[in-house]
Amino acid sequence: MSPRLSLSTLADLPAAVARPAYDIAAAEVGVVHLGVGAFHRAHQAAYLDAILSRGHKGWAICGASLRSPDTSDALDPQDGLYTLAERSGAGDNLRVIGSLRRLLVAPRDPEALLAAMCDPRVRIVTLTVTEKGYCHDPASGTLDEAHPDIRADLASPQRPVSAPGYLVEALARRRAAGVAPFTVLTCDNLPANGKTVARVTARLAALRDDDLGRFVAGEVAFPSTMVDRIVPATTDDDRALVAAGLGLQDAWPVMAEPFTQWVVEDHFPLGRPPLEEVGVELVSDVEPFEHMKLRLLNGAHSTLAYLGYLAGDATIADTMAVPAFARLVVRLQDEEVTPTLHLPAGVDVAAYKRALRERFANPALRHRTWQIAMDGSQKLPQRLVATARDRLAAGAPIPLLALGVAGWMRYVTGRDEQGNAIDVRDPLAARLKALADEAGPDASRLAPALLSVREVFADLGADPRFAGPVRDALARLMARGAAATVEEMAGG
């Protein structure tokens with residue numbers, strides 16, 4: 001077996017492999033990142049690597065896993081180095097990333113993470129902890145005060161377990177030490193993500209102490225962001241491909257499409273890296289871009305994931321190769337999503353949609369429908385339900401949005417169209433399955449049962465203008481199957 005990627009083997013890389021163009025040992029940590037998973041390593045860490053390469057040495061990353069030690073265990077022997085493989089039909093580009101200079105595992109040593117967050121040199125804390133990591137109610141955007149992690153954080157605030165818990169405790173310690181608060185920069189797909197995380201964090205702080213709550217609400221910056229890059233889960237085949245290209249072993253490379261986008265509200269009281277130098281779009285209001293991405297990309301992605309999985313497709317590219325599914329995406333985006341958007345002048349939404357469909361169809365990305373289907377109860381409110389709400393408010397029909405929701409309902413029953421078990425990964429999985437089991441395979445019973453889950457649908461589940469189309473679409477799926485239903489509803 002070939003040697004492992006590390007600082008000592010960096011010079012052995014083939015000339016075709018890009019590598020850090022800076023003194024890695026001289027890079028200083030200025031950002032702590034919570035949730036150091038594949039998306040962060042393919043997105044924000046790559047941008048900061050480019051910034052370090054431009055001579056701005058104070059913006060390296062201390063990455064922390066809040067749950068699993070897997071990333072640390074894989075990358076520590078590699079001195080934090082890993083490969084970003086950009087994949088397309090035209091071939092693969094390999095780039096070694098060096099911006100991740102320290103790795104922590106919060107459950108192993110919470111004090112080490114809190115100390116890192118309290119370091120005065122750290123001016124920004126970024127997060128990719130997924131929607132469920134904020135311990136909030138996705139339908140209302142408020143803190144779920146009954147969440148077991150929040151209860152634990154209130155009982156033992158000095159040993160937090162949740163992302164909001166770490167933010168509050170670190171901010172409290174910085175305040176007590178006379179250190180200005182860091183900027184909190186969420187990079188997760190939440191509606192108005194900065195405002196949502198501000199509300200959740202300030203509420204948790206207020207539950208600890210009213211004065212602390214006022215401090216977080218009034219003195220801490222929470223700029224909103226929009227992030228976009230398709231990053232499939234890494235497979236053993238991917239590792240073999242990267243090893244062949246490097247001539248070295250990389251325990252956990254990340255695979256991504258060539259496209260990448262980061263839109264950020266420019267509000268950083270303690271300063272920020274020169275993000276504009278590496279292609280980040282700095283704006284005064286990220287909401288229009290967020291809606292465009294959540295609804296056109298993520299909404300279509302989830303719809304393809306549930307219906308494609310049910311139709312037997314392993315990946316999004318496989319699903320898009322079926323003409324009826326490709327037509328479904330066009331109609332969903334053009335007829336039901338685009339009319340809900342309010343974009344700044346100059347945004348070419350037609351070109352954006354064309355690019356999305358090309359990205360979905362990229363055969364080099366093995367983005368599994370099962371992976372995208374995870375955590376649907378957290379994702380649907382902003383990806384499909386909010387769009388349907390706006391359509392109904394305008395008196396417009398929602399047949400394809402309803403079909404996406406119905407696909408989720410059919411999926412969370414836990415049985416596919418052949419009767420095989422589905423490994424449903426969702427914070428509400430047990431509750432959803434219990435509702436589905438009680439209702440049975442009858443759309444007239446199953447749809448109302450799942451529409452009663454207020455965390456997903458809020459009051460819209462009781463609105464007949466929404467419930468009716470969802471029930472009808474679910475009945476079609478259960479009677480005809482996903483492939484035939486999409487064929488019927490996608491048009492010619």
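Me: What makes strand β1 (residues 29-34) and β6 a pair?
Reply: Four bridges join β1 to β6 in this predicted model. Pairing takes at least two bridges, so the two strands qualify. They run parallel. One bridge gives the register: V31 has I124 as its partner in β6.

Me: How do you know that β6 and strand β9 (residues 183-186) pair, and in which sense?
Reply: Count the bridges again: four, in the parallel sense. At least two are needed, so β6 and β9 pair as well. Here V125 is bridged to V184 of β9.

Me: Why are both faces of strand β6 (residues 124-127) called covered?
Reply: In a regular strand the side chains alternate between the two faces of the sheet. In β6, I124 and T126 lie on one side, V125 and L127 on the other. All four are buried. Each therefore has under 20% relative accessible area. That is what covers both sides.

Me: What makes the space lined by V31, I124 and T126, among others, a cavity?
Reply: Rolling a probe the size of a water molecule over the atoms shows where empty space is left. In a cavity the probe fits but cannot get out. Five such spaces of 30 Å³ or more turn up in the whole structure. The largest cavity holds about 80 Å³. Its lining also includes H40, Q44, L48, W262 and P273. Both α2 (44-53) and β6 supply at least two lining residues.

Me: How is the lining of the largest cavity divided by class?
Reply: Eight residues are nonpolar, three are polar and none is charged. H40, Q44 and T126 are in the lining. His, Gln and Thr are on neither the nonpolar nor the charged list, so they count as polar.

Me: Why is the space of about 350 Å³ called a pocket?
Reply: A pocket is an open set of points, whereas a cavity is one the probe cannot leave. This space is the second largest pocket. Its lining has 22 residues, with A139, P191, P381, Q382 and A386 nearest the centre. By class, 11 are nonpolar, five polar and six charged. The largest share, six residues, comes from α15. Other helices giving at least two residues include α7 (193-208) and α10 (287-310).

Me: What makes F457 stand out in the largest nonpolar core?
Reply: The core has 70 residues, and F457 is one of five that touch the most other members. The others are F360, W408, M409 and F466. Beyond four places in sequence, F457 contacts V385, R389, V405, W408, M409, L450, L451 and F466. Arg is not a core residue type, so R389 is a contact but not a member. Apart from this core lies another, of 41 residues, V125 among them.

How values were computed
Residues are numbered from 1 along each chain as its sequence is written. Side-chain values use heavy atoms; hydrogens and water are left out. On a 1 Å grid over the protein atoms alone, a cavity is a set of points where a 1.4 Å probe fits but cannot get out, and a pocket is an open set with protein on both sides within 12 Å along at least five of seven lines; lining residues have an atom within 4 Å of a point. Grid points are joined across faces, edges and corners, and a volume is the space filled by probe spheres set on the points. Buried means under 20% relative accessible area, exposed over 50%, partly exposed in between (1.4 Å probe, protein chains only). A nonpolar core is a set of buried Ala, Val, Leu, Ile, Met, Phe, Trp, Tyr and Cys residues joined through side-chain atoms within 4.5 Å. Contact means heavy atoms within 4.5 Å.
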